[in-house]
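Open the model in your viewer and keep the selection box within reach. The stops below tell you what to select and what you will find there.

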Amino acid sequence: MLMCLTASHKNASFDLLERLSTGAETVGERILNHSECVAGAIVIATCNRFEAYIDLDEPVTAGAQVALQAATDAVSAATGIATDTLLQTWHTHTDEEAARHLFAVSAGLESVVVGEGEIAGQVRRSLQLARESGTTTSDLERLFQRASQTSRGVKNNTPLGRAGRSIVRLGLDLAESRITDWSAVRVLLIGTGAYAGASLAALRDRGVTDVAVYSPSGRAAKFAAGHDIRPVDADMFPREAAEATIIVTCTTASGFVVDAEVIAAGRRDLEAALPAFPIDGTPGCPVDHSAGQLVIDLGLPRNVDPDVATLAGVDLLDLETIRIHAPLEELQATDHARQIVNKAARKFASVTDEQSLAPAVVALRSRASEVLEQEIARVAPRDSDGSVERALRHMMGRLLHTPTVRAREHARAGDHDRYVEALDTLFGITLDEEAASAPDLPAPTAETATITRTLGVAGDLDDDLELDAEAS
């Protein structure tokens, strides 16, 4: 059973999302360790959402409640948020609905800026982090891989993926009214991650050429060399912050990176470096900051102390403000994207159901293969040309064809238990016993691959062409 618990800009305050982002990297392991019923967990934490995807080991009684409580307790322990607050906040999705939600998230359909592209990369990185921490499972792997493929289908087949939508670009759009010539703008970029790269691309699209980068973790020089911009060291940071027309922050550093004192210190440094008769020729006249500075804070937790807005000429644009000004989505393009997402979710759920009977089919065919090999060995002394062996194998293949097809039909109809009971009644095959006695195999066998293909499992992760076709 798959479950998703989500808190996003649609059902949670910015302050709560900021608190949820604290300690998010440990939540997956905490959820996994909280209950024996939880087989795996993947957490997505971005500037506008916090989501936990949970794989329950078995359909236990009240399994959904077990997963809900496990995740809530784990998140509460990691963030300090009361469990009652979390339980009142979560939106819960299970199985096909969980898949549909993730596919929509990855395609940017649940973002502040509908169709924004950064989220797909964040979903992929969440899967990678879960792999590294050992909290993923085969079902979660397939879910997240399918989400990435669905987002590509939406990007390739709808206008949503072609407009360069992003929180970064929307923030710069909101700055348009005060910028008359982007080529004359001086920008300080704080951060060197994926958002920094997206910010730099958006700035260059507008004609910005003067960009410097500062990294609290010391990665500025490497990022600057790779993107042909200027690195800023810690000593020069306050001065660069004071000189910049626009400061864009997008770092995962804990605590504020920019505050009023940083910019004020940079301004004092600039004034001290000026000639004795600045501006109007009056000795000691302070530097004129009326031209203004814009600070765009894209960090979560916040990178910028709100006190910067108390400085003369400084305006702060944070995620909450950007979210208020998010544009309306294009209905036609979004409807088309939803169709792609819905079909992908239905197929994911269908394949998941079919996979659940794969062990039963493997057990049946294994038992049949055992009997077949015994019979072939018995007649081998009288079968000099191998004709009897070929006839037996052909006959067994025909006999197994219908039960294999029936498995697919019963899986799609939700009649899993009837099929398993029939195996026990007709052949004495009990899946638990078969699994216990089966040897550990280093890799899937040809027999398993054949069964998987027959049940429709193979190819589930290679359906970009189908997504293209369904969108045409």
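A crossing of two helices is called left-handed if the near helix is turned anticlockwise from the far one by less than a right angle, and right-handed if it is turned clockwise. Helices (H or I, at least four residues) and strands (E, at least two) are DSSP runs, numbered from the N terminus. This is a predicted model, in which local features need pLDDT of at least 70 and side-chain atom pairs count only at pLDDT 80 or more, while totals for chains, interfaces and linings use all residues. Residues are numbered from 1 along each chain as its sequence is written, and side-chain values use heavy atoms, with hydrogens and water left out.

**Stop 1: two helices side by side**

Select residues 358-379, which are helix H15, and residues 416-427, which are helix H17. Their axes come within 10 Å and cross at roughly 20 degrees. Axes here are lines fitted to C-alpha atoms, for helices over the stretch in contact, and angles run from 0 to 180 degrees between N-to-C directions. H15 and H17 are therefore roughly parallel to each other; angles under 35 degrees count as roughly parallel, over 145 as roughly antiparallel, 65 to 115 as roughly perpendicular and the rest as oblique. The crossing of H15 and H17 is left-handed.

Now show the side chains. From H15, Ala 360, Val 361, Leu 364 and Arg 367 meet Tyr 419, Leu 423 and Phe 427 of H17, where contact means heavy atoms within 4.5 Å. The residues of this contact are six nonpolar, no polar and one charged. In this sorting, Ala, Val, Leu, Ile, Met, Phe, Trp, Tyr, Cys and Pro count as nonpolar, Asp, Glu, Lys and Arg as charged, and the others, Gly among them, as polar.

**Stop 2: an oblique pair**

Go to helix H8 (residues 167-174) and helix H9 (residues 194-205), whose axes are 9 Å apart and meet at an angle of about 40 degrees. That angle makes H8 oblique to H9. Is the crossing of H8 and H9 left-handed or right-handed? The crossing is right-handed.

On the H8 side, select Ile 167, Val 168, Arg 169 and Leu 172; on the H9 side, the contact includes Tyr 195, Ser 199 and Asp 205. By class, the contact of H8 with H9 has eight nonpolar, one polar and two charged residues.

Stay on H8 and pick out Ile 167, Val 168, Leu 170, Gly 171 and Leu 172, its buried residues. Buried means under 20% relative accessible area, exposed over 50%, and partly exposed in between (1.4 Å probe, protein chains only). The buried residues of H8 pack against H6, H9, strand E9 (293-297), strand E10 (314-318) and helix H13 (319-324).

**Stop 3: a glycine in H6**

Select Gly 121, found in helix H6 (residues 118-133). Gly 121 is buried, with a relative accessible area of 9%. Add Ser 148, which is 27 residues away along the chain: the two C-alpha atoms are separated by 8.5 Å.

**Stop 4: the sheet**

Strands of a sheet pair through backbone hydrogen bonds, either parallel or antiparallel. The sheet to show now is open, has four strands in the order E2-E3-E1-E4, and is paired antiparallel. Two strands pair if DSSP finds at least two bridges between them. The edge strands are E2 and strand E4 (91-94), each pairing on one side only. Neighbouring strands are turned by 15 degrees against each other on average, direction ignored.

Why is strand E2 (residues 38-46) largely enclosed by the rest of the structure? Seven of its nine residues are buried, so the rest of the structure largely encloses E2. E2 pairs with strand E3 (residues 49-56) in the antiparallel sense over eight bridges. The two strands form a hairpin with two residues between them. Place Ile 42 in view and look across to Tyr 53 in E3, which stands opposite.

**Stop 5: helix H5**

Select His 101 in helix H5 (residues 95-106). His 101 counts as buried at 11% relative accessibility. Leaving out residues up to four places away in sequence, His 101 touches several others, including Cys 4, Glu 51, Tyr 53 and His 93.

Asp 95 lies in H5 too. Asp 95 has a positive phi of about 50 degrees although it is not a glycine, and at 40% relative accessibility it counts as partly exposed.
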